[in-house]
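Reader: I'd like to learn how to read a structure feature by feature. Could you walk me through one?

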Amino acid sequence: MSEEKKIPYKIYLEESEMPTQWYNVRADMKNKPAPLLNPATKKPMSFDELRAVFCDELVRQELDDTTAYFDIPAEIQDFYKMYRPSPLVRAYFLEKALDTPAKIYYKFEGNNTSGSHKLNSAIAQAYYAKKQGLKGVTTETGAGQWGTALSMACSYFDLDCRVYMVKVSYEQKPFRREVMRTYGASVTPSPSETTKVGQKILAEHPGTSGSLGCAISEAVEAATSMEGYRYVLGSVLNQVLLHQSIIGLETKAALKKYDIQPDIIIGCAGGGSNLGGLISPFAGEMLRGEANYRIIAVEPASCPSLTRGRFAYDYCDTGMICPLAKMYTLGSGFIPSSNHAGGLRYHGMSSVVSQLYHDGLMEAVSVEQTQVFKAAEQFARVEGTLPAPESSHAIRVAIDEALKCKETGEEKTIVFGLTGTGYFDMVAYQKYNDGVMTDYIPTDADLQPGFASLPDVE
């Protein structure tokens with residue numbers, strides 16, 4: 001790219017340039033993600049089995065690993081236009097502060113009321129639930145971004161929304177909880193006494209702070225026990241990564257407008273929704289032999305499913321009532337520490353992301369939360385946006401990679417996903433600012449019980 005072609009601070013697509021289809025990276029994967037298994041029979045889940053839990057059209061998307069592109073319904077496109085296209089931002093001020101020759105860009109997904117990328121899939125899932133004639137949906141939420149996004153989407157389509165929020169986040173983030181209630185959702189701290197599986201978890205782990213695996217179990221039980229309800233999930237599933245591909249498609253189109261070729265693409269990794277959405281179009285190019293990128297998944301050292309987990313079939317939930325998924329996992333019984341990246345506090349990783357990682361198309365690193373918040377503070381001070389703790393994992397590694405470029409003199413182009421804002425995470429920022437935030441890294445002995453609970457699947 002010529003120096004005369006000045007890159008603006010924010011690169012926007014025109015409304016007419018917005019993607020009208022989602023991209024399904026599984027279509028280009030030679031090694032397809034392993035199928036979901038029925039926990040009772042250990043056989044692949046059928047359409048009829050899955051439709052008892054999920055909306056019909058979402059089940060079709062979940063099972064389809066050959067169709068490369070899915071048309072985005074017009075009503076979903078119209079909703080997207082309320083807050084999309086989202087900007088691709090050149091981090092000029094961060095580059096200057098780091099004194100690096102690297103060029104840093106971030107795709108900012110926090111410019112909507114939910115404050116994160118989660119709305120991209122929430123509106124799609126609520127649309128299909130309404131189209132099917134359902135009364136409402138149930139779900140789980142960790143940090144609260146997904147619950148907030150789904151409550152917004154359900155309000156838009158006049159659907160009942162019942163959210164099971166991981167207890168530690170419910171207590172740490174009362175304002176996020178109140179946003180959900182403002183949009184009409186009911187919010188229950190999980191694990192709770194309102195479900196049989198919640199009661200069982202509380203009996204086995206008195207005083208537990210909860211986990212996404214616990215909340216998923218409760219939400220699924222609630223959905224399957226009420227007529228006219230289905231369960232919807234904010235991450236992990238193939239359908240969610242499909243909807244989130246809008247992030248990567250827009251990023252790719254924005255880069256193309258200025259002939260920018262990224263070298264490194266970085267995303268935070270919890271269940272895999274934002275990471276999978278950001279990298280899918282780029283991974284597709286790699287799978288087709290059209291380009292090569294260095295893709296980095298960043299996870300918390302306190303919940304290191306990719307970097308220290310096992311690639312095996314496991315339950316997606318702590319209550320062991322959901323299908324089995326083959327993924328990098330710490331075991332469904334693993335209860336993460338109460339660190340502040342609630343959206344990354346999940347024991348497993350998307351089967352798509354797991355397979356891409358297993359096949360060597362991406363790498364993974366884990367980082368400690370004090371270093372994450374140090375990066376978040378630096379970013380906020382120079383770039384003017386307070387990032388979510390989850391997003392700040394990607395910021396940490398983007399900064400680290402930019403500093404490596406400073407040492408070597410290489411002018412690499414780095415793209416990372418800024419998945420959301422941190423304005424509801426002030427308890428965490430307060431702990432960091434007060435110097436009382438601590439790091440927790442599980443020992444091998446801490447991880448062993450989770451691995452011991454992995455189901456025996458051939």
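Reader: Happy to start small. Over which ring does the charged end of Arg310 sit?

Author: A charge sits over a ring if NZ of Lys or CZ of Arg is within 6 Å of the ring centre and within 35 degrees of the ring normal. Here the ring is that of Phe451, and the charged end of Arg310 is 4.1 Å from its centre. Arg177 likewise lies over the face of Tyr170, 4.4 Å from the ring centre. Before we go on, note that this is a predicted model, where local features need pLDDT of at least 70, side-chain atom pairs count only at pLDDT 80 or more, and totals for chains, interfaces and linings use all residues. Residues are numbered from 1 along each chain as its sequence is written, and side-chain values use heavy atoms, with hydrogens and water left out.

Reader: How many aromatic pairs does a search of the whole structure find?

Author: Rings of Phe, Tyr and Trp (its six-membered ring) pair if their centres lie within 6.5 Å; planes under 30 degrees apart are stacked, over 60 edge-to-face, and the rest tilted. The search finds 17 such pairs. One of them is Phe79 with Tyr156, edge-to-face at 4.6 Å centre to centre and 75° between the planes. Phe79 lies in helix H3 (residues 74-80) and Tyr156 in helix H6 (residues 145-157), so this pair ties together parts 77 residues apart in sequence. Helices (H or I, at least four residues) and strands (E, at least two) are DSSP runs, numbered from the N terminus.

Reader: Is Phe79 buried or exposed?

Author: Buried means under 20% relative accessible area, exposed over 50%, and partly exposed in between (1.4 Å probe, protein chains only). Phe79 is at 4%, so it counts as buried, while Tyr156, at 38%, is partly exposed. Another edge-to-face pair joins Phe282 and Tyr293, with 5.3 Å between centres and 85° between planes. Phe282 counts as buried at 1%, and so does Tyr293 at 7%.

Reader: Which residues form one aromatic cluster with Phe79?

Author: Tyr80, Tyr83, Tyr127, Tyr128, Tyr156 and Phe157 join Phe79 in that cluster.

Reader: What span should helix H15 have?

Author: The expected span is 1.5 Å times one less than the number of residues. For the 15 residues of H15 (residues 369-383) that gives 21 Å, and the end C-alpha atoms are 20 Å apart, which agrees. Its buried residues include Val372, Phe373 and Phe379. Just after H15, Gly384 takes a positive phi of about 85°.

Reader: In what order do the strands of the open sheet run?

Author: Two strands pair if DSSP finds at least two bridges between them. The 7 strands run E1-E4-E5-E15-E10-E11-E14, with mixed pairing. Strands E1 (10-11) and E14 (363-367) are the edges, each pairing on one side only. Strand E5 (residues 103-108) pairs with strand E15 (residues 413-418) in the parallel sense over 6 bridges, and Lys103 has Thr413 in E15 as its bridge partner.

Reader: What volume does the largest pocket have?

Author: On a 1 Å grid over the protein atoms alone, a pocket is an open set of points with protein on both sides within 12 Å along at least five of seven lines, and lining residues have an atom within 4 Å of a point. Its volume is about 390 Å³. Of its 20 lining residues, the closest to the centre are Leu249, Lys252, Ala253, Lys256 and Pro281. The largest share of the lining, 5 residues, comes from H11.

Methods:
On a 1 Å grid over the protein atoms alone, a cavity is a set of points where a 1.4 Å probe fits but cannot get out, and a pocket is an open set with protein on both sides within 12 Å along at least five of seven lines; lining residues have an atom within 4 Å of a point. Grid points are joined across faces, edges and corners, and a volume is the space filled by probe spheres set on the points.
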